[in-house]
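I opened this notebook to record a search for salt bridges. The coordinates under examination are shown below.

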Amino acid sequence: MQSNATPIGNRHHRLWMYQAMVQSRELETRIKTIYFEGKLPVFNMAKGPIPGEMHLSVGQEPCAVGVCAHLRPSDFVTATHRPHHVAIAKGVNLRAMAAEIFGKETGLSHGLGGHMHLFDASVNFSCSGIIGEGIAPAVGAAVAMKIQGRDDIAVSFMGEGATNQGQFHEALNLASLWKAPVVFIIEDNAYGISVSKAESTSVASNADRAAAYGMPGVFVPGNDPDAIYEAAGEAVARARAGGGPTLIELETHRLEGHFVGDTVEYRPPAELESLATLDPITLFRARLEADGHDGAELNAIEAEAISLADDAIAFARNSEYPAAREAFAHVFA
């Protein structure tokens with residue numbers, strides 16, 4: 001996959017965004033199938049080559065690519081328990097990421113972290129299974145960069161449910177007070193597990209909360225890669241120039257359940273039926289073709305994504321599990 005480290009214009013970025021979206025989708029399509037191996041006919045979460053919960057980002061790919069298209073490897077990113085699309089867009093090694101998901105020694109953290117705790121220091125990426133955990137570390141990293149006189153920035157991705165955590169408000173207050181070069185990205189898919197945003201959050205738009213902390217608040221509707229790219233570009237430029245933090249709320253759609261195996265009975269039937277028309281990859285490809293992009297070039301991007309996903313999965317399957325004696329290695333400093 002191409003690097004996003006050297007921006008060369010909008011055409012380059014749009015093709016890169018499509019490439020990263022397709023790459024994420026191809027990897028997750030395979031993970032979803034493999035996840036059920038050994039877990040059926042009686043579902044047992046601990047069984048199979050990918051044990052534990054699995055949270056897919058299918059449908060939320062525009063959030064990752066629209067933001068990360070503006071970032072460098074030296075910028076710092078924290079993501080959520082649904083991290084694959086952001087990790088790929090930030091440039092995390094696909095093979096090592098797949099191996100980590102499978103719990104193998106060749107993984108990013110020697111197979112000890114799993115899919116909710118991907119960590120790649122080479123591109124300054126981390127995520128956590130704890131809701132809102134990455135917000136404060138992103139502010140800390142941003143302050144450190146400012147003190148060091150660098151023009152690198154930090155970005156914290158979070159779900160809309162994280163905005164009701166105390167650390168969200170504490171971190172935004174300090175980020176604004178210290179004019180930290182950080183961008184807060186809310187991926188609003190309207191559901192915290194099975195609870196709707198309307199049933200859990202007192203404001204219709206979390207972007208409005210930015211006003212309480214004296215920073216710009218931006219709402220981007222439509223899960224639109226181009227619109228997200230534009231909004232994120234302004235926020236990233238503002239942070240690099242010393243203008244301080246920005247809060248961006250992105251409307252997005254979770255096309256799968258909260259976790260693989262979730263029957264999503266809490267979502268109204270009409271809402272579920274509408275999801276079929278909201279696939280952002282299908283919509284973005286149609287727009288690119290309408291704007292004159294060569295269909296053969298897009299087909300080649302898809303073929304490469306399929307090949308790389310197959311290679312990463314094969315690498316993960318063929319890698320060894322860490323030895324039992326390594327259980328406490330890399331845990332205590």
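The entries that follow concern salt bridges and the burial of their partners.

Entry 1, conventions. I worked on a predicted model, in which local features need pLDDT of at least 70, side-chain atom pairs count only at pLDDT 80 or more, and totals for chains, interfaces and linings use all residues. I numbered residues from 1 along each chain as its sequence is written, and side-chain values use heavy atoms, with hydrogens and water left out.

Entry 2, count. I took a salt bridge to be a side-chain nitrogen of Lys or Arg within 4 Å of a carboxyl oxygen of Asp or Glu. I obtained 21 salt bridges by this rule.

Entry 3, glutamate 297 and arginine 11. I found these two joined by a salt bridge, with the closest N and O atoms 3.1 Å apart. Glutamate 297 lies in helix α10 (residues 295-318) and arginine 11 in helix α1 (residues 10-35), so the pair links distant parts of the chain, 286 residues apart; helices here are DSSP runs (H or I, at least four residues), and strands likewise (E, at least two), numbered from the N terminus. I classed residues by relative accessible area: buried is under 20%, exposed over 50%, partly exposed in between (1.4 Å probe, protein chains only). Glutamate 297 is partly exposed at 29%, and arginine 11 is partly exposed at 46%.

Entry 4, aspartate 75 and arginine 240. I recorded a salt bridge of 2.7 Å, N to O, between these side chains. Aspartate 75 sits in the loop between α2 (61-68) and β1 (76-79), and arginine 240 in helix α7 (residues 225-240), 165 residues apart. Both aspartate 75 and arginine 240 are buried.

Entry 5, network. I noted that salt bridges link Arg14, Asp224, Asp226, Arg287 and Asp291 in a network.
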